[in-house]
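Here are my notes on the structure you asked me to look over, set out as numbered points. Please keep the view open beside the text and look up each residue as it comes up.

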Amino acid sequence: FAAGVGTPWSFKGPKGLQGNLRNIGVHVTETFEDDLVTGKVQVGTASDADAYGSLEIANGTLNTDTFNNVDDTNCVISQSLAADTQIEVTFVQATDSGTAAGKGRAYVEVDWF
């Protein structure tokens, strides 16, 4: 998604349970080249793309790395996910002074209670 827009996806928790957003991450499959605008994984709602979190993947994050809240410690904006709510995961395309690059498999970790 660094050189493209990425494919958005969504999820819901078990019926009646609230969620606690613990982590946002990417298993990197192509080194990120994004020195002008960083590629991002956003976790939010249909009306607020980053209501719960926004992970900014650093320029030069290498192929085979895992980039998550260990690397971007403020990626979780709001931990509390409402019960019975669809959560949207979207991406921000990166730009680079050379050729933008970067691919990976995004994941979100949630505790349900």
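1. Asn20 has Ser80 as its bridge partner in E6, and this pair belongs to a short pairing in which E2 and strand E6 (residues 80-81) are joined in the antiparallel sense over two bridges. Please bear in mind, here and in every later point, that the model is a predicted one.

2. E2 also pairs with two further strands, and both are worth tracing in the view. Eleven bridges join E2 to E8 in an antiparallel arrangement, and within E8 it is Val108 that stands opposite Ile24. With strand E5 (residues 66-67), E2 again runs antiparallel, this time over two bridges, and His27 has Thr66 as its bridge partner in E5.

3. Which kinds of element make up the protein chain, helices or strands? The chain has eight strands and zero helices, so that, reading from the N terminus, the order of elements is β-β-β-β-β-β-β-β. As general background for looking at any of them, the side chains in a regular strand alternate between the two faces of the sheet.

4. The overall dimensions can be read together. The C-alpha trace spans about 45 × 25 × 20 Å along its principal axes, and the radius of gyration of the protein chain is 14 Å, which agrees with the value near 13 Å that a compact globule of 113 residues would have. Among the contacts with a separation of 6 or more, 81% are between residues 24 or more positions apart.

5. On burial and surface, 38% of the 113 residues in the protein chain are buried, while the chain exposes about 5800 Å², of which carbon and sulfur atoms supply 48%.

6. The largest nonpolar core has 23 residues, and those with the most contacts inside it are Val41, Leu55 and Ile57. At least two residues of this core come from each of strand E2 (19-33), strand E3 (39-44), strand E4 (53-57), strand E7 (87-92) and strand E8 (101-112), and E2, with five residues, gives the most.

7. What does Leu55 touch, once its neighbours within four places in sequence are left aside? Its contacts include Ile24, Val26, Val41, Phe67 and Cys75, and also Lys40, Asn68 and Asp72. Ile24 is thus a residue to look at twice, since it is in contact with Leu55 and stands opposite Val108 in E8.

8. Is Thr38, in the loop between E2 and E3, buried or exposed? Thr38 counts as buried because its relative accessibility is 19%, and the cut-off for that word is under 20%. The side chain of Thr38 makes a polar contact of 3.0 Å with the side chain of Glu56, and, not counting residues up to four places away in sequence, Thr38 touches Glu56, Ile57, Val92 and Ala94.

9. Leu17 is found in another loop, the one between strand E1 (9-11) and E2, and with a relative accessible area of 30% Leu17 is partly exposed. Although Leu17 and Asp84 are 67 residues apart in sequence, their C-alpha atoms are 7.1 Å apart in space. Asp84 is also one of the residues that Leu17 touches, together with Ala83, Trp112 and Phe113, when residues up to four places away in sequence are not counted.

Note on methods
Residues are numbered from 1 along each chain as its sequence is written. This is a predicted model: local features need pLDDT of at least 70, side-chain atom pairs count only at pLDDT 80 or more; totals for chains, interfaces and linings use all residues. Side-chain values use heavy atoms; hydrogens and water are left out. A nonpolar core is a set of buried Ala, Val, Leu, Ile, Met, Phe, Trp, Tyr and Cys residues joined through side-chain atoms within 4.5 Å. Buried means under 20% relative accessible area, exposed over 50%, partly exposed in between (1.4 Å probe, protein chains only). Helices (H or I, at least four residues) and strands (E, at least two) are DSSP runs, numbered from the N terminus. Contact means heavy atoms within 4.5 Å. A polar contact is a pair of N or O atoms within 3.5 Å; within protein, one must be able to donate a hydrogen and the other to accept it, and residues adjacent in sequence count only if both atoms are side-chain atoms. The radius of gyration is taken over C-alpha atoms; the globule rule is 2.2 Å times the number of residues to the power 0.38. Accessible areas come from the Shrake-Rupley method with a 1.4 Å probe; for residues, only the protein chains shown count as cover. Two strands pair if DSSP finds at least two bridges between them.
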